[in-house]
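Q: I'm new to this one and would like a close look at a single part of it. Could you walk me through that part and then show me what surrounds it?

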Amino acid sequence: MFTLTRADGHLLSTDPARLDLDRVHHWLSTDAYWALGRDRETVVRAFEGSLPFGVYRPQDGRQVAVARVVTDRATFAWLCDVYVDRSARGSGLGTWLAGAVRDHLADLGVRRILLATNDAHEVYARVGFTPLDVPERWMNLDRRPPVSPVTGKEQNGGSPLTVEA
């Protein structure tokens with residue numbers, strides 16, 4: 001298990017037993033554009049099969065951030081489900097978390113870390129991530145059904161959502 005303490009007392013831990021999975025599920029399923037509507041069982045299974053990183057505030061140990069890494073712990077890692085509680089944003093926790101993940105994986109010998117983001121490029125750039133310069137090498141197989149950005153639920157191909165005044 002890996003732990004790290006920030007100068008202000010925030011604690012980072014890879015101990016899966018410390019994760020508040022109810023809180024993590026709430027964050028991801030209601031406020032993370034990439035996971036809207038994700039059910040709790042899927043969140044639990046995803047974290048069980050990954051290397052988890054939780055960040056806990058010094059005052060009471062309440063979890064304020066999370067990330068998970070899908071990795072072989074030797075050569076490759078996918079950094080995903082990075083989330084900082086809205087009340088803790090703006091204090092550099094996201095950058096600190098990303099840097100701690102990078103450093104811990106480097107200590108394991110992992111040389112390639114990938115991630116995808118719509119809106120946090122600057123956070124990751126601060127700790128050395130750069131855009132892919134050869135996207136034609138990468139391929140994708142995405143079997144997720146389309147999800148409505150309004151409801152976060154799978155679109156069933158039925159009539160479009162309408163709102164009446």
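Does histidine 104 count as buried or exposed, and at what relative accessibility? Please start there and work outward.

A: Keep in mind that this is a predicted model. Histidine 104 has a relative accessibility of 13%, so it counts as buried, the cut-off being under 20%. You'll find histidine 104 in helix α3, which covers residues 93-108.

Who are its neighbours? Leaving out residues up to four places away in sequence, histidine 104 touches Phe2, Leu51 and Phe53. There's also a long jump along the chain here: threonine 3 is 101 residues from histidine 104 in sequence, yet their C-alpha atoms are 9.6 Å apart in space.

Just before histidine 104 comes a charged pair. Arginine 102 forms a salt bridge with aspartate 103, and their closest N and O atoms are 2.7 Å apart. Arginine 102 counts as partly exposed because its relative accessibility is 31%. Aspartate 103, with a relative accessible area of 38%, is partly exposed too.

Now follow helix α3 into the nonpolar interior. The largest nonpolar core has 27 residues, and among those with the most contacts inside it are Phe53, Leu97 and Leu105. At least two residues of this core come from each of β3, β4, β5 and α3. The biggest share is from α3, which gives 7 residues. As a general point, nonpolar side chains tend to be buried together in soluble globular proteins.

Leucine 12 is another of the core residues with the most contacts. Beyond its sequence neighbours up to four places away, leucine 12 touches Phe2, Thr3, Leu4, Phe53, Gly54, Val55, Trp96, Leu97 and Ala100. A second, separate core holds 13 residues, including Leu21, Ala32, Phe47 and Val66.

Phe2 and Phe53, both touched by histidine 104, also turn up around serine 13. That serine sits in strand β2, residues 11-13, and is buried because its relative accessibility is 2%. Setting aside residues up to four places away in sequence, serine 13 touches Phe2, Thr3, Arg18, Pro52, Phe53, Gly54 and Tyr56. A polar atom of the serine 13 side chain also lies 3.0 Å from the backbone nitrogen of aspartate 15.

Next, look at the strands. Strand β3 spans residues 51-56 and pairs with β4 in the antiparallel sense over 6 bridges. Tyrosine 56 has glutamine 63, in β4, as its bridge partner. There are 6 residues between the strands in this hairpin, and glycine 61 takes a positive phi near 75 degrees.

On to the next hairpin: β4 also pairs with β5, again antiparallel and over 6 bridges. Here arginine 68 stands opposite cysteine 80 in β5. This hairpin has 4 residues between its strands, with arginine 73 at a positive phi near 60 degrees. Of the 9 residues of β4, 8 are buried, so the strand is largely enclosed by the rest of the structure.

Stepping further out, we reach helix α1, residues 21-31, where Leu21, Arg23, Val24, His25, Trp27, Leu28 and Ser29 are buried. The buried residues of α1 pack against α2 (40-48), β4 (63-71) and β5 (76-84).

Helix α1 has a histidine of its own to set beside the one you asked about: histidine 25. Its relative accessibility is 18%, so histidine 25 counts as buried. The histidine 25 side chain reaches the backbone nitrogen of arginine 40 at 3.2 Å. Apart from residues up to four places away in sequence, histidine 25 touches Arg38, Asp39, Arg40 and Val43.

Last, the charges. The structure holds 11 salt bridges. One of them joins aspartate 85 to arginine 23, with the closest N and O atoms 3.2 Å apart. This pair links distant parts of the chain: aspartate 85 is in the loop between β5 and α3, arginine 23 is in helix α1, and they are 62 residues apart. Aspartate 85 counts as buried because its relative accessibility is 11%, and arginine 23 is buried at 15%.

Another salt bridge joins aspartate 81 and arginine 38, with their closest N and O atoms 3.0 Å apart. Aspartate 81 is in strand β5 and arginine 38 is in the loop between α1 and α2, 43 residues apart. At 4% relative accessibility, aspartate 81 counts as buried. Finally, Asp31, Arg86 and Arg89 are linked in a network of salt bridges.

Methods
Residues are numbered from 1 along each chain as its sequence is written. This is a predicted model: local features need pLDDT of at least 70, side-chain atom pairs count only at pLDDT 80 or more; totals for chains, interfaces and linings use all residues. Side-chain values use heavy atoms; hydrogens and water are left out. Buried means under 20% relative accessible area, exposed over 50%, partly exposed in between (1.4 Å probe, protein chains only). Contact means heavy atoms within 4.5 Å. Two strands pair if DSSP finds at least two bridges between them. A polar contact is a pair of N or O atoms within 3.5 Å; within protein, one must be able to donate a hydrogen and the other to accept it, and residues adjacent in sequence count only if both atoms are side-chain atoms. A nonpolar core is a set of buried Ala, Val, Leu, Ile, Met, Phe, Trp, Tyr and Cys residues joined through side-chain atoms within 4.5 Å. A salt bridge is a side-chain nitrogen of Lys or Arg within 4 Å of a carboxyl oxygen of Asp or Glu.
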